[in-house]
Amino acid sequence: MAVDQSGVWRFRDLLPILDDPNRAVTLREGNTPLYDLPRNARALGLDFLLAKHQGMNPTGSFKDTGMTAALSVARERGFEWVACASTGNTSAAMAAFAARAGLRSIVFIPEGKIAWGKLSQSMDYGALTVQLRTDFDGCVRILTDLVKRFPIYLLNSVNPYRLEGQKTPAFEMAEQMDWQVPEHIIVPGGNLANSAALGKGFAEMHHLGLINRVPTISVIQAEGANPLWRTMQENDGRELVSVTAETRASAIRIGSPASWQKSVKVIRSTGGWVEQVSEQEIALAKAQIGAEGIGCEPASAVTLAGLRKLVAQGKIHAEQRVVLILTGHTLKDSDYTINYHRDELFTEAERSAMSSAEKAEQESFRKPPIVLDPDPGTVLRTLEAHMELHPA
Ligand SMILES: *Cc1c(COP(=O)(O)O)cnc(C)c1O
């Protein structure tokens, strides 16, 4: 049966949200790989390091695991229209699952601020795509007003059924690690639903006696979109400090995260931390994950950059097992990758903020394309020069 091939619905006994789970709207989401990252581990002085790659979902991000759940509820309740505001991946997932279900979908995205790969998906899957001249937080405000005037099912991350679907990667990780959960899980923080959902998944397994403890869950934000980090610094998580968000990691360019309180609870109850990382640190970490043959989108790379800080601060130790949650696929934002390798990503200010050691570290990962004449001698000489510069 289709639902048995879904990494979300095979756990349907733990997601009691549909009258008939056999009729769930599924694209065979979930069941994502848990990779080891041996070079990244060695570079950080860790014994080993794992990555749960949620970018290996049908539309290329973890949003599919939540969308299969919430869209199934929308169909069961007889809605004709669904809608969301999105930094890109939610809209791609919603458009795909709505199309599968035969529902109509409307997407609000901030104009000019989402990656092309994501925008193309919402068109490909047939959504009505509206680019609003505002940021993500502005899109949320418009949508909140619209749902009061039109019978539309809202699929933003505050939708409780999305959280139910997004808790299932926790079950998969426990399964993949033979029920010996890792010491640490590191999650990127945008609207903060993912960290909340994973925390819920681990807490439920612990409650059922399937695991004997819960991993520490830490959240990493970009310096330019750091409301949770500031909230923890300035008032210890009591009151949200909103910011005007700016980062190239567009999936986490969110200034007023909806699920901040749930996330704070998870971080507190598991003993985790909140860190922030710079644009330069994100770019380097993304290249390092790419060089493992894995790749991810910029927002996912904050996990490795944040881990590096937590290790340097002595919070995470060499023998502890860490799982990075890679939230999106590398092809979501290929412009970013190409700009990085051509050394066209950073501003002058960002460049001059780096020490020469940091510049050299970035340079060691750059692989810009070379244009050559189709002449065997020229190609051979270029290859020899390259080997001299980059010995195995
Ligand atoms: C949505 C998204 C995030 C942020 O997740 P939240 O649940 O909003 O914190 C991070 N990375 C990618 C690739 C995403 O699509």
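# Exercises on strand order and helix packing

Six strands form an open sheet in the order 1-2-10-7-8-9, with mixed pairing. The model is predicted: local features require pLDDT of at least 70, side-chain atom pairs count only at pLDDT 80 or more, and totals for chains, interfaces and linings use all residues. Residues are numbered from 1 along each chain as its sequence is written.

Two conventions apply throughout. Helices (H or I, at least four residues) and strands (E, at least two) are DSSP runs, numbered from the N terminus. Two strands pair if DSSP finds at least two bridges between them.

## Exercise 1. The mixed sheet

Determine which strands stand at the edges of the sheet 1-2-10-7-8-9, and describe the join of strand 7 to strand 10.

*Solution.*
Step 1. Strand 1 (34–36) and strand 9 (274–277) are the edge strands; each has a single partner strand, so one side of each lacks a neighbour in the sheet.
Step 2. From one strand to the next, the twist averages 25 degrees. Axes are lines fitted to C-alpha atoms, for helices over the stretch in contact, and angles run from 0 to 180 degrees between N-to-C directions.
Step 3. Strand 7 and strand 10 (residues 322–326) run parallel and are joined by 3 bridges. Ile 186 has Leu 324 in strand 10 as its bridge partner.
Step 4. Helix 9 (residues 227–235) lies across strand 8 (216–222) and strand 9, at about 125 degrees to strand 9. For residues, contact requires C-beta atoms, placed from the backbone, within 7 Å.

## Exercise 2. The parallel sheet

Establish the strand order of the sheet with parallel pairing, and place helix 3 relative to strand 3 and strand 4.

*Solution.*
Step 1. This open sheet has 4 strands in the order 5-4-3-6.
Step 2. Strand 5 (128–132) and strand 6 (152–154) are at the edges, each with a single partner strand, so one side of each is left without a neighbour in the sheet.
Step 3. Direction ignored, neighbouring strands of this sheet are turned by 25 degrees against each other on average.
Step 4. Strand 3 (residues 81–85) and strand 4 (residues 104–110) run parallel, with 5 bridges between them. Ala 83 is opposite Ile 106 in strand 4.
Step 5. Helix 3 (residues 89–101) lies across strand 3 and strand 4, and runs at about 170 degrees to strand 4.

## Exercise 3. Two helix pairs compared

Characterise the packing of helix 3 with helix 4, and of helix 7 with helix 8, by axis, handedness and residue class.

*Solution.*
Step 1. The axes of helix 3 and helix 4 (residues 116–124) come within 8 Å and cross at roughly 20 degrees. Helix 3 is therefore roughly parallel to helix 4; angles under 35 degrees count as roughly parallel, over 145 as roughly antiparallel, 65 to 115 as roughly perpendicular and the rest as oblique.
Step 2. The crossing of helix 3 with helix 4 is left-handed, a term used if the near helix is turned anticlockwise from the far one by less than a right angle, with right-handed used if clockwise.
Step 3. Asn 89, Ser 91, Ala 92 and Ala 95 in helix 3 meet Lys 118, Gln 121 and Ser 122 in helix 4. These residues divide into 2 nonpolar, 4 polar and 1 charged; Ala, Val, Leu, Ile, Met, Phe, Trp, Tyr, Cys and Pro count as nonpolar, Asp, Glu, Lys and Arg as charged, and the others, Gly among them, as polar.
Step 4. The axes of helix 7 (residues 168–176) and helix 8 come within 7 Å and cross at roughly 55 degrees. Helix 7 and helix 8 are therefore oblique to each other, and their crossing is right-handed.
Step 5. Thr 168, Pro 169, Ala 170, Phe 171 and Ala 174 in helix 7 meet Leu 198, Gly 201, Phe 202 and Met 205 in helix 8. This contact has 7 nonpolar, 2 polar and no charged residues.

## Exercise 4. The annotated binding site

Decide whether the residues of the UniProt annotation "binding site" are scattered or gathered.

*Solution.*
Step 1. The unreviewed UniProt entry lists Asn 89, Gly 190, Asn 191, Leu 192, Ala 193, Asn 194 and Thr 327. UniProt positions are given in the numbering used here, feature names are shortened, and annotations may be inferred rather than shown by experiment.
Step 2. These residues span 239 residues in sequence, yet no two of their C-alpha atoms are more than 14.3 Å apart, so they gather at one spot.
Step 3. Gly 190 lies in the loop between strand 7 (184–188) and helix 8 (193–207).

Methods
Two residues are in contact if their C-beta atoms, placed from the backbone, lie within 7 Å.
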